[in-house]
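Hi,

Here is the structure I promised to pass on. Have a look at it first, and then read my notes below.

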Amino acid sequence: MVLFKEGAKIENPREYEQNAVEELRNLLEVGSPAQGDPQRENFYEIESSSDTYYIHISPINGNVVLLAKWLRQSEDCCLSAGHLVA
């Protein structure tokens, strides 16, 4: 679980729409579950009901950098596509 540190900022270098930044802020404020990146320290994926956010949290000041955002696919979608072969 990742919590938003008081006084920390969300940096948006890729200029995602403001509502995406606000949704991420809300997810962080309530302490949403996050999956750590096994290859990179302090990098996480956080999911909302419709999107997945890839972020970096600075260990120094707690600032969050929004690195990527994509539409979340439901498990049903993945399971129903399980019979497809490329």
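**What I found**

Asn42 sits in the loop between S2 and S3. Its backbone caught my eye: Asn42 has a positive phi of about 70° although it is not a glycine. Before I go further, please keep in mind that this is a predicted model, and that everything below was computed from it.

Asn42 has company. Glu15 also has a positive phi, of about 55°, and is not a glycine. You'll find Glu15 in the loop between S1 and H1. Is Glu15 buried or exposed? Its relative accessible area is 70%, so Glu15 counts as exposed. There is a glycine with a positive phi too: Gly62, at about 80°, in the turn of the hairpin that S4 and S5 form.

Now the overall layout. The chain has two helices and five strands, and along the sequence they come in the pattern β-α-β-β-β-β-α. The five strands make an open sheet with mixed pairing, in the order S1-S5-S4-S3-S2. At the edges are S1 (10-11) and S2 (34-36), each of which pairs on one side only.

Here is how the strands pair, if you want to walk across the sheet on screen:

- S1 and S5 run parallel and are joined by two bridges. To find the spot, look for Ile10, which stands opposite Val64 in S5.
- S5 and S4 are antiparallel, with seven bridges between them. His56 has Val65 in S5 as its bridge partner. Six residues lie between these two strands in the hairpin.
- S4 (residues 51-57) and S3 (residues 43-47) are antiparallel as well, over five bridges. Here Tyr44 is matched with Ile55 in S4.

As a general reminder, strands of a sheet pair through backbone hydrogen bonds, either parallel or antiparallel. Also worth having in mind while you rotate the view: in a regular strand the side chains alternate between the two faces of the sheet.

What lies across the sheet? Helix H1 (residues 18-30) lies across S1, S3, S4 and S5 (64-71). Against S4, H1 runs at about 70°.

Just along from there is a residue I'd like you to look at, Ser32, in the loop between H1 and S2. Why does Ser32 count as buried? Its relative accessibility is 9%, and the cut-off for buried is under 20%. The side chain of Ser32 reaches back to the backbone oxygen of Leu27, at 2.9 Å. Leaving out residues up to four places away in sequence, Ser32 touches Met1, Val2, Leu27 and Ile46.

Finally, some totals for the chain:

- Of its 86 residues, 34% are buried.
- Among contacts with a separation of 6 or more, 44% are between residues 24 or more positions apart.
- The accessible surface is about 6,100 Å², and 50% of that belongs to carbon and sulfur atoms.

If you only have a few minutes, I'd start with the loop that holds Ser32, then go to Glu15 in the loop between S1 and H1, and end with Asn42 in the loop between S2 and S3.

Cheers

Technical notes: Residues are numbered from 1 along each chain as its sequence is written. Side-chain values use heavy atoms; hydrogens and water are left out. Two strands pair if DSSP finds at least two bridges between them. Helices (H or I, at least four residues) and strands (E, at least two) are DSSP runs, numbered from the N terminus. Contact means heavy atoms within 4.5 Å. Axes are lines fitted to C-alpha atoms, for helices over the stretch in contact, and angles run from 0 to 180 degrees between N-to-C directions. Buried means under 20% relative accessible area, exposed over 50%, partly exposed in between (1.4 Å probe, protein chains only). A polar contact is a pair of N or O atoms within 3.5 Å; within protein, one must be able to donate a hydrogen and the other to accept it, and residues adjacent in sequence count only if both atoms are side-chain atoms. Accessible areas come from the Shrake-Rupley method with a 1.4 Å probe; for residues, only the protein chains shown count as cover.
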